[in-house]
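Student: Please pick a single part of this model and look at it closely. I am new to it, so explain each term as it comes up.

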Amino acid sequence: MAAQIYHIAGWSSCNFHKKAVNVASTLSVLFPSKLKVVNHQFSSREEYRLWLIDNGFRKKFSDTRAHTHTASPFAWLAKQDGDKQLSPDPANIKSFVGGCDDTINFFRDFCSPKAVDTSNLAAMKDDGHTSDHGHTYDLVVIGGGSGGLAASKEAASLGANVAVLDFVKPSPAGSKWGLGGTCVNVGCIPKKLMHNAAIIKESSQADASPFGVSL
């Protein structure tokens, strides 16, 4: 998709023109392949109105809203790039946008999410679930780790009918484990247990003899 060519005309000291240009220019930096901004900045209000009204540039538009537009800025879309800064080609006009508020609304729509093509979205594989499965639970806990087991046991102790769903992906070495989670089975607790055992062995070997203990 070709970049949109957005033109903004106004006089240099007009705050509305500055605001519109700042918004448009910022987005053109963020989306250079989708937007190019052309700023037609006149040195004074009189020079701007001479170009827009007296010289009849606004009358070049088919949109009648442009014919009565007198404020700054004056924004429009062009068919293609190449217009000179202070003498845009009327034949290159694509559509009239409007003033400052219209520019803000245009770019708000420009940045809004568009309709998503759902043809390539992932589809859930049929897992055989049916609405007449006959199982009713007060609480379903996803994850059988320390937190999941603690929550499910506490709920069950209070009389709730609880289901715990847990899945273990085998390690690259093929290790599998049951409920308890990574920490309990192959993580924190086994690591600390082996680390502590190694410290005890090292200390006993180093300190036993000075204390008169033979190992």
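Tutor: The answer below starts with one strand and then follows its contacts outward.

This is a predicted model, in which local features need pLDDT of at least 70, side-chain atom pairs count only at pLDDT 80 or more, and totals for chains, interfaces and linings use all residues. Residues are numbered from 1 along each chain as its sequence is written, and side-chain values use heavy atoms, with hydrogens and water left out.

The part chosen is strand β3, residues 74–78. Strands (E, at least two residues) and helices (H or I, at least four) are DSSP runs, numbered from the N terminus. β3 is mostly covered, as five of its five residues are buried. Buried means under 20% relative accessible area, exposed means over 50%, and partly exposed lies in between, with a 1.4 Å probe and protein chains only.

In a regular strand the side chains alternate between the two faces of the sheet. On one side of β3 are Phe 74, Trp 76 and Ala 78, on the other Ala 75 and Leu 77, and both faces are covered.

Next come the neighbouring strands. Two strands pair if DSSP finds at least two bridges between them. β3 pairs with strand β1 (residues 4–11) in the antiparallel sense over five bridges. Within that pairing, Ala 75 of β3 is the bridge partner of Ile 8. β3 also pairs with β4, again antiparallel, over four bridges. Here Trp 76 stands opposite Phe 96 in β4.

The rings of β3 can be followed further. Rings of Phe, Tyr and Trp (for Trp, the six-membered ring) pair if their centres lie within 6.5 Å; planes under 30 degrees apart count as stacked, over 60 as edge-to-face and the rest as tilted. This rule gives a count of 20 aromatic pairs. One of them joins Phe 61 and Trp 76, whose centres are 6.0 Å apart and whose planes stand at 80°, so this pair is edge-to-face. It links distant parts of the chain: Phe 61 is in the loop between α2 (45–54) and α3 (64–67), Trp 76 is in β3, and the two are 15 residues apart. Phe 61 counts as buried because its relative accessibility is 4%. Trp 76 counts as buried because its relative accessibility is 1%. Trp 76 also forms an aromatic pair with Phe 74, and this one is tilted, at 5.8 Å centre to centre and 55° between the planes. Phe 74 is buried, as is Trp 76. One aromatic cluster takes in Phe 74 and Trp 76 of the strand, together with Trp 11, Phe 42, Tyr 48, Trp 51, Phe 57, Phe 61 and Phe 96.

Now the chain on either side of β3. Pro 73 is in the loop between α3 and β3. A cis peptide bond, with omega about 10°, joins Ser 72 to Pro 73. In the loop between β3 and β4 (93–98) is Asp 81. Asp 81 forms a salt bridge with Lys 36, where the closest N and O atoms are 2.3 Å apart. A salt bridge here is a side-chain nitrogen of Lys or Arg within 4 Å of a carboxyl oxygen of Asp or Glu. Side chains of opposite charge can pair when their charged atoms come close. Lys 36 sits in strand β2 (residues 35–42), 45 residues from Asp 81. Asp 81 counts as partly exposed because its relative accessible area is 41%. Lys 36 counts as partly exposed because its relative accessible area is 36%.

The structure holds two salt bridges. Another one is formed by the side chains of Asp 63 and Arg 65, at 3.0 Å from N to O. Asp 63 is partly exposed, with a relative accessible area of 25%, and Arg 65 is partly exposed too, at 42%.

To return to the strand itself: five of the five residues in β3 are buried, it pairs with β1 over five bridges and with β4 over four, and Phe 74 and Trp 76 belong to one aromatic cluster.
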